[in-house]
Amino acid sequence: MRLATRATQVTPSATIGLTKKAAALRAEGVDLIAFTAGEPNFDTPEAIKAAAIQAIQAGDTKYVPKGGAALKEAIAAWTNRTRGTSYAPAQVLVSCGAKHSISNAALALLEEGDEAILPAPYWLTYPETVKLAGATPVAVDASPAQGFVPDPDDIRAALTDRTRMIILNSPSNPTGAVYPAEVIHAIADIAREADLWVLTDEIYDELVYEGSEFVSILSAGEDMVERCIVINGASKTYAMTGWRIGWTLGPAPVIKAMGALQSHLTSDPTSFCQTATVAAFEGAQEEVKAMRAAFQRRRGVMMEAMRSLDKAVTPLPGGAFYVFPDVSAYIHDKGFSGSLEMAEWLLEHAKVVVVPGEPFGNDSCIRLSFAVSDENIERGVERIAQALA
Ligand SMILES: Cc1ncc(COP(=O)(O)O)c(C=O)c1O
């Protein structure tokens, strides 16, 4: 069977086998503890749900009127308030989740022969999206010793005359790293000097904990709005992963081009989900605060539990809800081929599901989510420690 080359170049999920095995064990009644969650384990706040129900009952169930003006205004206002910018609603595009925003941006700005720099570890969707646009992802490694924060000199060394974009994600999935202001500003300088787009995925900006401070690259100078493609969404901040609302802010011509692509591929996202997201901006800030506090506490529970894995090196995540320990000592001791084999072994011997680091660009690490109950964090890490002992 002949498939289009672009479909064959996308790497299928490295963890499909693991997921299937975990599902089969669960079906057999095996008590598994999963650290795989990529979403808040809280319900969407009541006021947001009520706004959606009300919208449906009021007939807000058709193609989105006026190009979704109300949500674009709310997004521009919130971004301007938190970033000190002056985006107009015409510089906002609402898409079906931030993932969709990122693919729209890659399709609008990258093409065959272009390169996009990805600080590694990276969210596993970025390289696939870059490839889908015909371009080449170029990873720039940051180690656990660096707290997974890239060295701007390494980024500079990776530049070629084909580099078009840097993709930033602070706070990061999978590491939780929050880049300090000086690194963000040094990256802004590189983008200026090499005339690059900066795709800044700020989806975890509201989940930043004591000791760390979120810095948007927009703060590096007023000129940055001309080269930044700012990605954000409702999924993580408002526990709305299923509603599929993400957005992009950027220069008007880029937003227009992305909107034209989207108009043929999907149209605007679901009408009443947009209305509910306006309600989220207006009335769910207390819930956001409570979720942040809960995650901060769970981070502590996770870091404490990780002490029982004394050969793992676990940088303290400043944000998001993941730890990304370097487990190379265990990989070496047990003779595993890498993080994928270790994850499979842990499923079998510890009855715990973790995500291997390999698809995130670091085969010495595994990812554990702390969007999990305290009890499961403690029991799950204890199982891992016992199995590896
Ligand atoms: C870094 C990062 N960006 C974007 C997304 C996608 O979010 P959405 O649910 O809005 O598509 C995720 C989800 O896991 C993520 O971790």
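Reader: In which loop does Phe-148 lie?

Author: This is a predicted model. Look past strand E4, which spans residues 136-141. Helix H7 covers 152-157. Phe-148 lies in the loop between E4 and H7.

Reader: Is Phe-148 buried or exposed?

Author: Buried means under 20% relative accessible area. Phe-148 has 4% relative accessibility. So Phe-148 counts as buried.

Reader: What is the phi of Phe-148?

Author: Most residues other than glycine have a negative phi. Phe-148 is not a glycine, yet its phi is positive. The value is about 60°.

Reader: Where is Ala-239, and what is its phi?

Author: Ala-239 is in the loop between E7 and strand E8 (246-249). With a relative accessible area of 7%, Ala-239 is buried. Ala-239 is not a glycine, but its phi is positive, at about 50°.

Reader: Which residue follows H6 and has a positive phi?

Author: Helix H6 takes in residues 125-132. After H6 comes a residue with a positive phi, near 90°. That residue is Gly-134.

Reader: Why is H6 described as largely enclosed by the rest of the structure?

Author: Count the buried residues in H6. The helix has eight residues. H6 is largely enclosed because the number buried is six of the eight.

Reader: Which residues of H6 are buried?

Author: Buried means under 20% relative accessible area. Start at Thr-125, where H6 begins. The buried residues are Thr-125, Tyr-126, Pro-127, Glu-128, Thr-129 and Val-130.

Reader: What covers the buried residues of H6?

Author: The cover includes a helix, H5 (98-109). It also includes strands E3 (115-120) and E4 (136-141). Further parts of the cover are strands E5 (163-168) and E6 (197-201).

Reader: Which residues are closest to the ligand?

Author: The ligand is surrounded by 13 residues. Five of them are named as the closest. They are Ala-98, Asp-201, Ser-235, Lys-236 and Arg-244.

Reader: How far is a polar side-chain atom of Asp-201 from a nitrogen atom of the ligand?

Author: A polar contact needs a pair of N or O atoms within 3.5 Å. Asp-201 supplies a polar side-chain atom, and the ligand supplies a nitrogen atom. The distance is 2.6 Å.

Reader: Which side chains lie 2.8 Å from an oxygen atom of the ligand?

Author: A polar side-chain atom of Asn-173 lies 2.8 Å from a ligand oxygen. A side-chain N or O atom of Arg-244 is also 2.8 Å from an oxygen atom of the ligand. The names are Asn-173 and Arg-244.

Reader: How much of the ligand's accessible area does the protein cover?

Author: On its own, the ligand has 400 Å² of accessible area. The ligand takes up the space of the largest pocket. The protein covers 92% of that ligand area.

Reader: Which residues does a cis peptide bond join?

Author: Most peptide bonds are trans. One cis bond joins Ser-170 and Pro-171, with omega about -5°. Another has omega about 25° and joins Asn-173 and Pro-174.

Reader: In which loop is Pro-171 found?

Author: Strand E5 covers 163-168. Helix H8 covers 181-194. Pro-174 is in the loop between E5 and H8, and Pro-171 is also found between E5 and H8.

Reader: Is Ile-75 buried or exposed?

Author: Ile-75 is found in helix H4 (residues 69-83). Its relative accessible area is 0%. Buried means under 20%, so the word is buried.

Reader: What does Ile-75 touch beyond residues up to four places away in sequence?

Author: Take Val-92, 17 residues apart from Ile-75 along the chain. Their C-alpha atoms are separated by 7.5 Å. The residues touched are Val-92, Val-94, Trp-247, Leu-249 and Phe-281.

Reader: How far apart in space are Ala-47 and Gly-283?

Author: Ala-47 is found in helix H3 (residues 46-57). Ala-47 is partly exposed, at 39% relative accessible area. Ala-47 and Gly-283 are 236 residues apart in sequence, while the C-alpha to C-alpha distance is 7.1 Å.

Terms used
Residues numbered from 1 in each chain as written. Predicted model: local features only at pLDDT ≥ 70, side-chain atom pairs only at ≥ 80, totals over all residues. Heavy atoms only, no water. Helix = DSSP H or I, 4+ residues; strand = E, 2+ residues; numbered from the N terminus. Buried < 20%, exposed > 50% of the residue type's maximum accessible area, 1.4 Å probe, protein only. Contact = heavy atoms within 4.5 Å. Near = heavy atom within 4 Å. Polar contact = N/O pair within 3.5 Å; in protein donor to acceptor, adjacent residues only side chain to side chain. Areas by Shrake-Rupley, 256 points an atom, 1.4 Å probe, with all protein chains shown as cover. 1 Å grid on protein atoms, 1.4 Å probe; cavity = no way out; pocket = protein on both sides within 12 Å on 5 of 7 lines; lining within 4 Å. Sits in = over half its atoms within 2 Å of the grid points.
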